[in-house]
Structures are given as structure tokens and as C-alpha cells.
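Hi everyone, thanks for coming. I'd like to walk you through one structure today, so please have the sequence and the model open as we go.

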Amino acid sequence: MSEVFVLIEHTRGRVKPASLNAIMAAKQLGQDVSLVVIGCQLEEIVTSLAVLDVKAILVADDPILTHPLADKYSTILALMMERRGAKSLVASSSTFSKDILPRVAALLDAPMVSDVFSIQRQELTWEFDRPMYAGRIRGTLSLEDGRFVISVLPSAFETATPARISKDAMIEKISINPDSLPSGMEFVSKQVRQSPRPDLSEAKVVVSGGRPLQDSETFERLIGGLADVFQGAVACTRAAVDCGIAPNDCQVGQTGKVIAPDLYIGVGVSGAIQHIAGMKDARVIVAINKDPEAPIFQIANYGLVGDLNEIVPQLIQELAHAGYEKPA
Ligand SMILES: Cc1cc2nc3c(=O)[nH]c(=O)nc-3n(C[C@H](O)[C@H](O)[C@H](O)COP(=O)(O)OP(=O)(O)OC[C@H]3O[C@@H](n4cnc5c(N)ncnc54)[C@H](O)[C@@H]3O)c2cc1C
């Protein structure tokens, strides 16, 4: 058993960048890394992956797999792992993998470790570091050599790049017998909030707003306005979601998205541990808060103490004059 599988997450014909970090994490577990791509009409995605230095790309391409129903996807993964004797399965931490990976682990009766940010090899075991208690402490879990499933925090690992010596990966089609797959889940509908802004989990600049934004119009004018100056994404705290100021798909933190942008600007964000758990890996953190004792200043690289209603409009105006343009 030496092959390591990486479950590739994709959307609209494009591999999610976090999956490229999962590939590099998998390479720490063994050199025989194979990618598993599940879905429908996957040609473009497979072509984009073929240039990476991996052993094989296993493709389950069937109309029945158009929607990522966890019961079907996990069954395919578990079957493939058994069939090929694969040692482990890796995916990036996301809502997609949270739905699928634990089911694979259960089907294989294998242990699972989530949100891994560092991997060490000991003599007979693997050790995985992961945040615990909303990032307050770092836990180290030790697994005996054997089959296991892990999800990894993308920001903690390098990004896989095309192989220097071009050798296209072997592409293998996985034949699907629809009747052999579970049918307990049914796709009903998907609601995607249309936004001209970049995807929050991939954006280089994120502007995040908290409870004092008061209403959704103010949130859009100040947080959206500042994000647009940087052509960045909008995020928020759970308090802002609970108050109906911002949509819940923008929530960052322990029970929201985990992001690691180049620049995070927190506006009226207190810096509660549950929020910090989702953005502490940002390269540069800027905080705007009227309370100089607000916890967010403890992790901020730059802090502005003052009223956001005065500071943010000035920032938008000054930065716009400095040459930043709103996206079309
Ligand atoms: C199990 C659990 C899970 C949770 N998960 C999450 C999560 O995933 N994400 C998350 O964000 N939270 C989460 N929370 C909630 C978290 O504990 C905090 O309550 C929340 O993050 C606070 O949001 P906030 O900073 O917007 O609001 P507040 O705590 O109200 O802070 C507002 C801040 O804005 C400042 N301020 C006020 N007015 C102005 C002004 N005019 N100008 C400038 N600054 C101003 C204040 O000084 C204060 O620091 C979770 C809580 C629990 C118990």
C-alpha cells in the first residue's frame, strides 16, 4: 500500500487552487500521488491536471455525478482505494471535503484527521498537527502506519506547479455502474449568489465587516466599496450574519470559511477567537476599530483606531485617487 489519493475539488470547469496545496501535502506522505476527479464533463479539468508531476489521474465522469452528492462520491472513493490498495486519501479542508471525507473514512473503517497544517514522519507512525479549540491550541495526532484519511489547511502547504520535465500523468477512466451507487441523496437545487467579486476563499485581498456596520446597505457601501478598490472579496463576522447585515456565505471563522489572503482588512471586527480561527493565516492583517483594546489589534500588522464611518470613506477616496480602479 503506497499510493496516496488526492480528491480534486473543481467548479465550473476549473480546479480549485486549494486542491493544488492538497497535492503538495500528499507528496509528504509518499511519492506515488494519484488524483481522483469526480463529476461530469471533466475533460478540461483533467487536461489542466495532466501537466502536474503525479502518478495517475483517476477520472469518474458520468452524468449521474454532475452534483457532488456525498453518498455517491464517497462510495466511488472507497471502492477505488480498496481496488488499488491506496494508503491514504487527502483533500483540502472545505465544505465539499467535510461532506465526503468522513464518509470515506467510515466506509473504509479508517481513522481521519481534519484541518492538518503540518505532517511529520516518525519511525512507525505519522504525526499530524491541527488547530484545536478554535485555534487556541495546537494538537498533534499520531496514527499508526496504515490506511487513513486527512483534510489539510491549504495555506499551510505549497502549491503544486507543472512538472519541470514534461511527462503527462497516466489518465484512467473509472467505469461507473449507476445501479451500484447509493441513491439515498437527491439533488434538489443550488442557489449561487451572483457576485462580480472574486471567490472569498481564493481572493488575494479580503475586506471583512463586523456587527457595527448596522445594515446591509452600509455594509455594501463601506465593506463592498473598500473591497472593490482592491478588486477583493467581502467577508464578515458571525455577528454580522446573525444581525442580517451580511450573507452567511461571507462568514469567516470557526463555523465559516477559512481564508489566507495576502491582505485582510477587518473593519469593526472585535477579533473574537472564533473569527481569528478563520483568518489568522492572512499575510498582512489590518484592523480598523474604535476600541484600542480590541483583541484584533493583538494579531494585526497595522491598526487604525477610530470610527469606521469616518475612516473607511476616506480610505476609499484616497486609494481610488492613488490609482486603484473598481472592477468593471
Ligand atoms: C461556537 C461558536 C462559533 C462561532 N463561530 C464564529 C465564526 O465562525 N466567525 C465569527 O466571526 N464569529 C463566530 N462566533 C462568534 C464570535 O464569538 C463573536 O461573537 C463574533 O465574531 C463577534 O463579531 P463582531 O466582531 O462583528 O462583533 P462585536 O463583538 O460586537 O465587535 C464589534 C467590534 O467593532 C468595534 N466597533 C464598534 N463600533 C465601531 C465603529 N463605529 N468604528 C470602529 N469600530 C467599531 C467594537 O469596538 C468591537 O471591537 C462563534 C461563536 C461561537 C460560540
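**A helix pair, a sheet and a few single residues**

Let's begin with two helices: α3 passes α4 in a right-handed crossing. One thing to keep in mind throughout is that this is a predicted model.

Staying with that pair, α3 covers residues 70–84 and α4 covers residues 95–108. Two packed helices are described by the angle between their axes and the distance between the axes. Here the angle is about 45° and the axes are 8 Å apart. Angles from 0 to 180 degrees are sorted into classes, and those that are neither under 35, nor over 145, nor 65 to 115 count as oblique; α3 and α4 are therefore oblique to each other.

Which residues of α3 and α4 meet? From α3 we have Ala70, Asp71, Tyr73, Ser74, Thr75, Leu77, Ala78, Met81 and Glu82. On the α4 side they meet Phe96, Asp99, Ile100, Arg103, Val104, Leu107 and Leu108. Sorted by character, the residues of this contact come out as 10 nonpolar, two polar and four charged. If you look at the numbering, it helps to remember that an α-helix has 3.6 residues a turn, so residues three or four places apart point the same way.

Just past α4, have a look at aspartate 109, in the loop between α4 and β7 (112–116). Aspartate 109 has a phi near 55°, a positive value in a residue other than glycine. Its relative accessibility is 73%, so aspartate 109 counts as exposed.

There is another residue of this kind, arginine 12. Arginine 12 has a positive phi of about 45° and is not a glycine. You'll find arginine 12 in the loop between β2 (10–11) and β3, and because its relative accessibility is 75%, arginine 12 counts as exposed.

Now for some buried positions. In helix α1, residues 17–27, the buried ones are Ser19, Leu20, Asn21, Ala22, Ile23, Ala25 and Ala26. What do these buried residues pack against? Their partners are β1 (4–7), β3 (14–15), β4 (33–39), β6, β8 (118–121) and β11 (148–152).

Strand β6 takes us to serine 92, since β6 spans residues 88–92 and serine 92 lies in that strand. Is serine 92 buried or exposed? With a relative accessibility of 2%, serine 92 counts as buried, because the cut-off for that is under 20%. Not counting residues up to four places away in sequence, serine 92 touches Glu9, Ala18, Ser19, Ala22, Ser97, Ser151, Val152 and Pro154. Two of those names, Ser19 and Ala22, you have just heard among the buried residues of α1.

Leucine 143 is another one to click on, in strand β10 (residues 137–144). Its relative accessibility is 11%, so leucine 143 counts as buried too. Leaving aside neighbours within four places in sequence, leucine 143 is in contact with Pro111, Val113, Thr125, Trp126, Phe128 and Phe148. Take proline 111: it is 32 residues from leucine 143 in sequence, yet their C-alpha atoms are 7.9 Å apart in space.

Let's finish with the sheet further along the chain. This is an open sheet of five strands in the order β14-β13-β15-β16-β17, with parallel pairing. The edge strands, each pairing on one side only, are β14 (233–236) and β17 (302–305). From one strand to the next the twist averages 15°.

Helix α5, residues 216–229, packs on this sheet and touches β13, β14 and β15. The direction of α5 makes about 135° with that of β14. Helix α8, residues 308–321, also packs on the sheet, touching β15, β16 (284–289) and β17. For α8 the direction makes about 130° with that of β16.

How many bridges join β13 to β15? There are five, between residues 205–209 and residues 263–267, and the two strands run parallel. Among the bridge partners, valine 205 goes with leucine 263 and valine 207 with isoleucine 265. On the other pairing, five bridges join β15 to β16, again running parallel, with valine 267 opposite isoleucine 288 in β16.

My last stop is β15 itself, where five of its five residues are buried. In a regular strand the side chains alternate between the two faces of the sheet. In β15, Leu263, Ile265 and Val267 are on one side, Tyr264 and Gly266 are on the other, and both faces are covered. Thanks for listening!

Conventions: Residues numbered from 1 in each chain as written. Predicted model: local features only at pLDDT ≥ 70, side-chain atom pairs only at ≥ 80, totals over all residues. Heavy atoms only, no water. Pairing = 2+ DSSP bridges. Helix = DSSP H or I, 4+ residues; strand = E, 2+ residues; numbered from the N terminus. Contact = heavy atoms within 4.5 Å. Left-handed = near helix turned anticlockwise from the far one by under 90°. Nonpolar A, V, L, I, M, F, W, Y, C, P; charged D, E, K, R; others polar. Buried < 20%, exposed > 50% of the residue type's maximum accessible area, 1.4 Å probe, protein only.
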